Amino acid sequence: MQPRILLEKTRFDVTIKRLCHQLIEVHNDFSNTVIIGLQPRGIYLARRIQQELQNILKNKKVHCGELDTTFYRDDFRKKELIPNRTNIDFIIEDKNVVLVDDVLFTGRTIRAGLDAMLAFGRPKDVELMVLVDRRLSRHVPIQAKYVGITIDSISSQNVKVEWKETDGKDKITLLNK
Amino acid sequence: MSHLSVNHLLGIKQLTKNDIELILNTAQNFKEVINRPIKKVPSLRDLTVANLFFENSTRTRLSFELAQKRLSADVVNFSASNSSVKKGETLVDTVNNILAMKVDMIVMRHSSAGAPIFLSKKVNAKIINAGDGAHEHPTQALLDAFSIQEKLGDIKGRKIVIVGDILHSRVALSNIFCLQKLGAIVKVCGPLTLIPKYITSLGVEVEPDLRKALEWCDVANMLRIQLERQDIKFFPSLREYTMLYGLNKDILDSLSKKIIVMHPGPINRGVEITSDVADSGQSIILEQVENGVAVRMAVMFLLAGRQG
């Protein structure tokens, strides 16, 4: 089967903008809300969302951090894992946290992310945002509150998310392994 | 490279440059972890680690134990002084008995060079050398390299001088291997009686004059005079040693550039280094200790992650 393009160009931009407006509906001016992108690929969506929110909110500062989940994963020793940078230079205690990842598949990364996040404090409330929700593939009971697109896929398929900043274009593709 | 090429950490000699870089990069992540409000991660929660110290140690043992606890491993401590070793049990028997209690990893310090290598061939557990005789002390070399890297950026091309008792020092040998693999230029400095005869075959130059050595280097690693290992007199008196090879503030301030001063500890204040130098802004002795925990976490995390 040929790779199938799920989202690109204008529709990609519209999706990002929609996610931002959904966030603003709930979190107003982000004075008590922070964004945390999960390493390695969630950080690009988090940064894009931060940028877009700051545009909409007329340059109001939106805090955005990066969180690595490697040390909290349950598949350590089942495959080679290389840690990435964690950078959270703000306080999350009593804040509303929006965890951000690009693809929600089995939910195990998010589970590890929740554990990793708690090492930095006790947030008031945690929500999950993903660009692609591969529904019907979950291993743990985790659902996203904000979803870019929802797709049906099987485990032998891969979802590839490309970003302008690193890959030259914004594009989501469904690949067969 | 995403994994180590070795199953045990027996010495720096057995590591490749990629291995060293992988450990140092991973240690950076762990340094961030140990500065968090909650300093613990669950990575090794299913492992039991035994610390077997057949020789005295404060810093290394504490540092390993903290690293293990920060990784959530279960820890058992063993010291030879109050054990059945005194009753004549052999090393392999002692270790096999400990392994029979389902221990996955062993951190070992021993007064005989090569003891960890011997053990790695006899028992089925991951072995980490925490110092074997006058042979190697790999985690000390890794944390020294990490500390230099943190201060100076790249290690490649940097000039490092190791001063003091090179003959009895496992830190010196591991440092030489490690720094050379990372592309640094290493010299040793000390009384010729305390410089091993074949040191130049490792590509290390000998500089008997302390001032010249310090003028040349970017980093000076001052070693302790290991009186407990010296069965004969290697120099006339400690006072004379201090006059010729002790680092004091006057020498440090008279140098044409600001060098970094390191010491693996424990310090003999007033012998190889004076108090005002040890506590000065150029000294990174306490950073070395902090980095030790991060580096040891990285080593255990990477070894535990290795299959087989």
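A residue counts as buried here if 20 or more other C-beta atoms lie within 10 Å of its own. Keep that in hand for the exercises below; the model is a predicted one.

**Exercise 1.** Work out which residues of helix H3 of chain A are buried, and how they are arranged around the helix axis.

*Solution.* Start with the helix itself, which covers residues 108-118 of chain A. Applying the cut-off picks out Thr109(A), Ile110(A), Ala112(A), Gly113(A), Ala116(A) and Met117(A). Now look down the axis of H3(A): the buried residues fall within an arc of 160°, so they line one face of the helix. Last, ask what that set packs against: strands E2 (33-38), E3 (64-67), E4 (96-104) and E5 (125-135), all of chain A.

**Exercise 2.** Place H3(A) in the overall layout of chain A, and check the chain's radius of gyration against that of a compact globule.

*Solution.* Count the elements: chain A has 4 helices and 8 strands. Along the sequence they run β-α-β-α-β-β-α-β-β-β-α-β. Next, the radius: a compact globule of 177 residues would come out near 16 Å, and chain A has 16 Å, which agrees. As for burial, 40% of the 177 residues are buried. Finally, take the contacts in chain A between residues at least 6 apart in sequence: 66% of these join residues at least 24 apart.

**Exercise 3.** Describe the contact of chain A with chain B, starting with how many residues each chain puts in.

*Solution.* Chain A brings 13 residues and chain B brings 14. Sorting the chain A side by type gives 8 nonpolar, 2 polar and 3 charged.

Conventions:
Residues numbered from 1 in each chain as written. Chains lettered and ligands numbered in written order. Predicted model: local features only at pLDDT ≥ 70, side-chain atom pairs only at ≥ 80, totals over all residues. Contact = placed C-beta atoms within 7 Å. Nonpolar A, V, L, I, M, F, W, Y, C, P; charged D, E, K, R; others polar. Buried ≥ 20, exposed ≤ 12 C-beta atoms within 10 Å, placed from the backbone. Helix = DSSP H or I, 4+ residues; strand = E, 2+ residues; numbered from the N terminus. Arc of directions from axis to C-beta. Rg over C-alpha atoms; globule rule 2.2 N^0.38 Å.
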